[in-house]
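This report walks through selected features of one protein chain, from single residues to helices and domains. Please keep the sequence and the structure in view while reading.

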Amino acid sequence: MQVYLNGQYLPEGEAFISPADRGFVFADGVYEVIHAYDGFLFCNDLHANRLARSMSELRIEPPADFDMAAIAAELIRANELQSGEATVYIQVTRGAAPRGHAFPASGTQPTVYGFAKPFESPAELRKIGCKAVTAPDERWLRCDIKSVSLLPNVMAKQNAVDAGAYETVLVREGNVTEGSSSNFAAIFDNEWVTAPLGNLILPGITREIVLKLCEKLSIRVAENFIPSDSLGGAKEAMILSSTMEVMPVTEIDGKSVGNGRPGPQTRRIQEAFQQWIQQDRAFQA
Ligand SMILES: Cc1ncc(COP(=O)(O)O)c(C=O)c1O
């Protein structure tokens, strides 16, 4: 596998970072994951914009010639991933410096690392839907930044695995925020409801697209927090991410959502999402 490290493409086994890297020592860095379909990097520009915002919020200066979209494209090419599905991961940390909490001396070079690998899509699960469990949201208060500091998300995902579920839906002060690695939405009274943008959720790119699709499909939308004790009244539920796409949630904490099968609005959104990908691909070709 060819990876990218600080301006070079090289075999993974030859890519080394310093143990003093602040990504390693402090989780002081940000990242993106982009889904590729036959080499087409879906929403590559939106991922690049979000990475730039994450860096800016943390005052990480990217290298002068940094071009996330171009690195992602080259990783696909170098790893011959032009057919089938793949994911590209890009991470930028504040670089290597003597350990100290405050920012290192100016001129410290950020570390940019990227890799691409084949992706086995959960396409079958998307047909039948998945189980979710709820758990307290124990993350910091800047969940809008896509930081590599993911320990609470790691614990939450493992909580799902331990419970035989696919995702943990996080609850802060009685309200659903999002999944451990996804945004969450549910349908109540024919309205698609998802948590509002702000510091408590990641501004998901899939969420943004689904919001637009709902408008096209004349599905009413509301960006409001869902109280966790009202989840039992949801007719349909779904989790959204670049890799999962639109994943129906058919059971939460052991209770069926609706009739326990992916609902009609979820199906419409899934179909429209697939069309969006195809149109975007055709447009970029
Ligand atoms: C915490 C969290 N929320 C939401 C998402 C979904 O974001 P996107 O649709 O941009 O992949 C992710 C994706 O990894 C995530 O980690």
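## A buried serine and its distant neighbour

S54 lies in helix 2, and in this predicted model the residue is buried, with a relative accessible area of 0%. Apart from residues up to four places away in sequence, S54 touches V30, I145 and K146. The C-alpha atoms of S54 and K146 are separated by 6.1 Å, although the two residues stand 92 residues apart along the chain.

K146 also appears among the contacts of E32, a residue placed in strand 3, which spans residues 29–37. E32 is buried as well, with a relative accessible area of 0%, and its side chain makes a polar contact of 2.7 Å with the side chain of H47. Once neighbours within four places in sequence are left aside, E32 is in contact with H47, R50, L51, M68, V88, Y89, I90 and K146.

## The two domains

The domain assignment divides the protein chain into domain 1, covering 2–118, and domain 2, covering 123–282. The centres of domain 1 and domain 2, taken over C-alpha atoms, are separated by 26 Å, and 22 residues of domain 1 are in contact with 22 residues of domain 2.

## Helix 3 and helix 5

Which residues of helix 3 are buried? In this helix, made of residues 68–78, they are M68, I71, A72, L75 and I76. Seen down the axis of helix 3, these buried residues fall within an arc of 140°, so they line one face of the helix. M68 was already named as one of the residues in contact with E32. Just after helix 3, E80 takes a positive phi of about 50°.

Helix 5 has 12 residues, and the distance from its first C-alpha to its last is 16 Å, close to the 16 Å expected at 1.5 Å a residue. Buried positions in helix 5 include N153, A156 and A160. They cover an arc of only 65° around the axis, which puts them on the same side of helix 5. As a rule, an α-helix has 3.6 residues a turn, so residues three or four places apart point the same way. The face of helix 5 turned away from the buried side carries the exposed residues L151, M155, V161 and D162, while the cover over the buried residues includes strand 7 and strand 8, the latter made of residues 167–172. Just after helix 5, G164 takes a positive phi of about 70°.

## D137 in the loop before helix 5

D137 sits in the loop between strand 7 (130–136) and helix 5 (151–162), and this aspartate is buried, with a relative accessible area of 8%. Its side chain is joined to the side chain of R139 by a polar contact of 2.9 Å, and to the side chain of T177 by a polar contact of 2.7 Å. Leaving aside neighbours within four places in sequence, D137 is in contact with L170, V171, R172, T177 and L200.

## Positive phi outside glycine

Most residues other than glycine have a negative phi. Two loop residues with a positive value are set side by side below.

| Residue | Phi | Loop | Relative accessible area |
|---|---|---|---|
| N6 | near 45° | between strand 1 (2–5) and strand 2 (8–11) | 45%, partly exposed |
| R59 | near 55° | between helix 2 (44–57) and helix 3 | 62%, exposed |

## Cysteines

How many disulfides does the structure hold? The structure holds 0 disulfides. A disulfide is a covalent bond between the sulfur atoms of two cysteines. For C43, the closest cysteine sulfur is in C214, and it lies 16 Å from the sulfur of C43, too far for a bond, given that a disulfide calls for sulfur atoms within 2.5 Å. C43 is buried, with a relative accessible area of 6%, and C143 also counts as buried, at 5% relative accessibility.

Key: Residues numbered from 1 in each chain as written. Predicted model: local features only at pLDDT ≥ 70, side-chain atom pairs only at ≥ 80, totals over all residues. Heavy atoms only, no water. Helix = DSSP H or I, 4+ residues; strand = E, 2+ residues; numbered from the N terminus. Buried < 20%, exposed > 50% of the residue type's maximum accessible area, 1.4 Å probe, protein only. Polar contact = N/O pair within 3.5 Å; in protein donor to acceptor, adjacent residues only side chain to side chain. Contact = heavy atoms within 4.5 Å. Expected span 1.5 Å × (residues − 1). Arc of directions from axis to C-beta. Domains from an automatic or database assignment.
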